[in-house]
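Grab a coffee and open the viewer. Below are some short exercises, each with a worked solution to follow on screen.

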Amino acid sequence: MTLYITHPACLEHRVPAGHPERPDRLRAVEAALATPPFAGLQRMTAQRASEETVARAHTAAYVADIAGQTPDAGLVQIDVDTTLSPGSYEAALRAAGGAVQAVDEVLQGRARNAFCGVRPPGHHAEREKAMGFCLFNNAAIAARHAREVHGLDRVCIFDWDVHHGNGTQDIFWNDASVLYCSTHEMPLYPGTGSRAERGEHDTIVNVPLAAGDDGAALREACDVVIFPRIAAFRPDLIILSAGFDAHWRDPLASLNFNEDDFAWATREIMAIAARLCEGRIVSILEGGYDLEGLACSAATHVAALMEA
Ligand SMILES: [Zn+2]
């Protein structure tokens, strides 16, 4: 059984006109998952993460700062491309809460795997810094929740968003219990993610790709580097930072994956998870800014998850 978690509050994180990380992204994913092939999805509404839960990957002071900066009207600019609107704090708590809830459902055996259709995305959010459209690091919060609440020994986060997840890397730089693996276009925002960045305990695995690379480069990165590292790490849970902005249609980057490449990576990760951790996968939406590329990629990803 595959679980789909979202919350209408995630549409209420508003951004300036013309901003790519817009509510229509989530509407496009919702529309794709409302079609007949997805009738078998188990659907849940995301709970609100507590501030204590969010602070497992950030700090209480940072969480309070985001709450305090959230305006009653209009928009507040945190950095050049990250904004807060009146609904942003609630959206961010529901996005993190959905990821945590997915962990609970999967670890308690009520779902085999889960996809969280949430925004704002999370992987650029560092321990004490919002950036790159991200407020709270949903994948990192989910991983810490799995460790500290469910007592898992090891969690893997595989991030195939086209941008490097500097925030996730920052949060787990000194944490040997979480293996962070990323494929991303380089050079590209945010500028981190070289192979030399490996963390204090060699649990950061960066495989940068070059502009123009296609699904063959993804397969090579996975087969040669990332999948062997995941197998050797023997995680108890695999979390996917599932951004779909490496799709060829995406306006923010220049990789040339297609929707079938995301389905391939999903099935391969499912096979690894089946061997190592009873198939337990929690997938969390990150980027993806062409509505058609995002919708068809999310659809092939979730359809593959449903094959479990
Ligand atoms: Zn991205």
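**Exercise 1.** Find His 247 and work out whether this residue is buried or exposed.

*Solution.* Start with the location: His 247 sits in the loop between β9 and α8. (Helices are DSSP runs of H or I with at least four residues, strands are runs of E with at least two, and both are numbered from the N terminus.) Next, take the relative accessibility, which is 2%, so His 247 counts as buried. The cut-offs are under 20% relative accessible area for buried, over 50% for exposed and partly exposed in between, with a 1.4 Å probe and protein chains only. Finally, look at what is around the side chain. Setting aside neighbours within four places in sequence, His 247 is in contact with Leu 255, Phe 257, Asn 258, Glu 259, Phe 262, Gly 293, Cys 296 and Ser 297. Contact here means heavy atoms within 4.5 Å.

A word on the model before you go on: it is predicted, so local features need pLDDT of at least 70 and side-chain atom pairs count only at pLDDT 80 or more, while totals for chains, interfaces and linings use all residues. Residues are numbered from 1 along each chain as its sequence is written, and side-chain values use heavy atoms, leaving out hydrogens and water.

**Exercise 2.** Stay in that loop and describe the surroundings of Asp 245.

*Solution.* Asp 245 also lies between β9 (237-242) and α8 (259-276). Its relative accessibility is 0%, and therefore Asp 245 counts as buried. Now list the residues touching Asp 245, not counting those up to four places away in sequence: Asp 161, Val 162, His 163, Asp 250, Ala 253, Gly 287, Gly 288 and Tyr 289. To finish, draw a distance to Asn 256, eleven residues along the chain: the two C-alpha atoms are separated by 9.5 Å.

**Exercise 3.** Which strands pair with β10, and in which sense?

*Solution.* Begin with β9: five bridges join β9 to β10, and the two run parallel. Strands count as paired if DSSP finds at least two bridges between them. Leu 240 has Ser 283 of β10 as its bridge partner. Then turn to β5, which pairs with β10 over four bridges, again in the parallel sense. Here Phe 115 stands opposite Ser 283, and Asn 113 is opposite Ile 281. Carry on from β5 to β1: this pair is parallel too, with four bridges, and Ile 5 faces Cys 116 across it.

**Exercise 4.** Which residues lie on each side of β10 and β5?

*Solution.* Recall the rule: in a regular strand the side chains alternate between the two faces of the sheet. In β10, Ile 281, Ser 283 and Leu 285 are on one side, with Val 282 and Ile 284 on the other, and all are buried. In β5, Asn 113 and Phe 115 point one way, Ala 114 and Cys 116 point the other way, and all of these are buried.

**Exercise 5.** Find out what covers the buried residues of α1.

*Solution.* First select the buried residues of α1 (residues 23-33): Pro 23, Arg 25, Leu 26, Ala 28, Val 29, Ala 32 and Leu 33. Then show what packs on them. The cover includes β1 (2-6), β2 (42-45), β5 (113-116), β10 (281-285) and α9 (291-305).

**Exercise 6.** Track down the backbone oddities.

*Solution.* Take the cis peptide bonds to start with. One runs from Arg 119 to Pro 120, with omega near 0 degrees, and Pro 120 lies in the loop between β5 and α5 (138-148). Another joins Tyr 189 and Pro 190, with omega about 5 degrees; Pro 190 belongs to the loop between β7 (178-185) and β8 (204-209). Next come the positive phi angles. Phe 133 has a phi of about 75 degrees although it is not a glycine, and its place is in the loop between β5 and α5. Arg 234, also not a glycine, has a positive phi of about 55 degrees and lies in the loop between α7 (215-233) and β9.

**Exercise 7.** Zoom out: how many helices and strands does the protein have?

*Solution.* Count them up and you get nine helices and ten strands. The radius of gyration is 17 Å, close to the 19 Å that the globule rule gives for 308 residues, so the protein is as compact as a globular protein of that length. (The radius is taken over C-alpha atoms, and the rule is 2.2 Å times the number of residues to the power 0.38.) As a last step, check burial: buried residues make up 61% of the 308 residues.
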